[in-house]
Amino acid sequence: MKVKKYSKEGVYLSEVELPSEIFGTGVSQGAIYDAIKDENANLRQGTHSTKDRSEVRGGGKKPWAQKGTGRARQGSTRAPHWVGGGIIHGPKPRDYSGSLSKNVKRKAVTSILNKKAEEGRIAIIEDIEPTSFSTKSIFLVFQKMELVKKGNLGFLVAGENLHLKRSTRNIPFLKCVNSKRVVCRDILYNNNLIITESALKDLISHYGKKGKVA
């Protein structure tokens, strides 16, 4: 499976073969679904809360006598059918976070990479290591690659280069992702995925040597 390779200036160099340790291993839609579902759940704060009849104000006294008024019997103004009464089965603060197994996470990452490769939406670029903060210089690289007006772009890099990180964060269509902390949402929800050479080595090291998940 071949993809385009670019220089760190954004100039097309040649076509290169993707490593077989990761690519060509198939796509597991189930693993992708489980990983995205888990990550979405982990983003939920779970701070929603409602008051039941024991928590709302008032209602300590019976509204009227049980018999003789001609009205329906009532025991408390805190009952759910009263205005200002308690909420039945309302949401309470809870933890939505899950625990995804390493094997499923590994399979999900490789499946997303394979899916992108099959669709022709992956490219390799030489390592970009700026020594100063410059959003314009990074923008020009992707402009030369003709990717500026092609939707959201994922940029998979190795390590934490502070100059690179700050230079990319102000580009609205670009999402910079650390190859050692891959989030499935970040590499799935984009139109194209650009991987640096060092990041590709990290992917092979983290996801290429493990066994397949059934």
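How do the residues of the lining of the largest pocket divide into nonpolar, polar and charged? That's where I'd like to start, everyone. A quick reminder before we go on: what we have here is a predicted model.

So, the answer: seven nonpolar, three polar and five charged residues make up that lining. The pocket itself, the largest one, has a volume of about 280 Å³. Its lining counts 15 residues, and those nearest the centre are Lys-4, Tyr-6, Ala-123, Met-145 and Leu-147. If you're following along on the structure, look at the strands β1 (2–6), β3 (122–125) and β6 (192–196), each of which supplies at least two of the lining residues.

Now let's move to the second largest pocket, with a volume of about 200 Å³. Here 13 residues form the lining, and Lys-165, Thr-168, Lys-175, Cys-176 and Val-177 lie nearest the centre. Which element gives the most to this lining? That would be β5, with five residues. Both α4 (162–168) and β5 (174–178) supply at least two. By character, the lining of this second pocket splits into five nonpolar, four polar and four charged residues.

Last stop, a single residue: Ser-76. You'll find Ser-76 in the loop between α1 (29–42) and α2 (102–118). Is Ser-76 buried or exposed? Its relative accessibility is 8%, so Ser-76 counts as buried, the cut-off being under 20%. Leaving out residues up to four places away in sequence, Ser-76 touches Arg-53, Gly-59, Pro-63 and Trp-82. There is a polar contact too: the Ser-76 side chain reaches the backbone nitrogen of Arg-78 at 3.0 Å.

That's my tour, thanks for listening!

Technical notes. Residues are numbered from 1 along each chain as its sequence is written. This is a predicted model: local features need pLDDT of at least 70, side-chain atom pairs count only at pLDDT 80 or more; totals for chains, interfaces and linings use all residues. Side-chain values use heavy atoms; hydrogens and water are left out. On a 1 Å grid over the protein atoms alone, a cavity is a set of points where a 1.4 Å probe fits but cannot get out, and a pocket is an open set with protein on both sides within 12 Å along at least five of seven lines; lining residues have an atom within 4 Å of a point. Grid points are joined across faces, edges and corners, and a volume is the space filled by probe spheres set on the points. Helices (H or I, at least four residues) and strands (E, at least two) are DSSP runs, numbered from the N terminus. Ala, Val, Leu, Ile, Met, Phe, Trp, Tyr, Cys and Pro count as nonpolar, Asp, Glu, Lys and Arg as charged, and the others, Gly among them, as polar. Buried means under 20% relative accessible area, exposed over 50%, partly exposed in between (1.4 Å probe, protein chains only). A polar contact is a pair of N or O atoms within 3.5 Å; within protein, one must be able to donate a hydrogen and the other to accept it, and residues adjacent in sequence count only if both atoms are side-chain atoms. Contact means heavy atoms within 4.5 Å.
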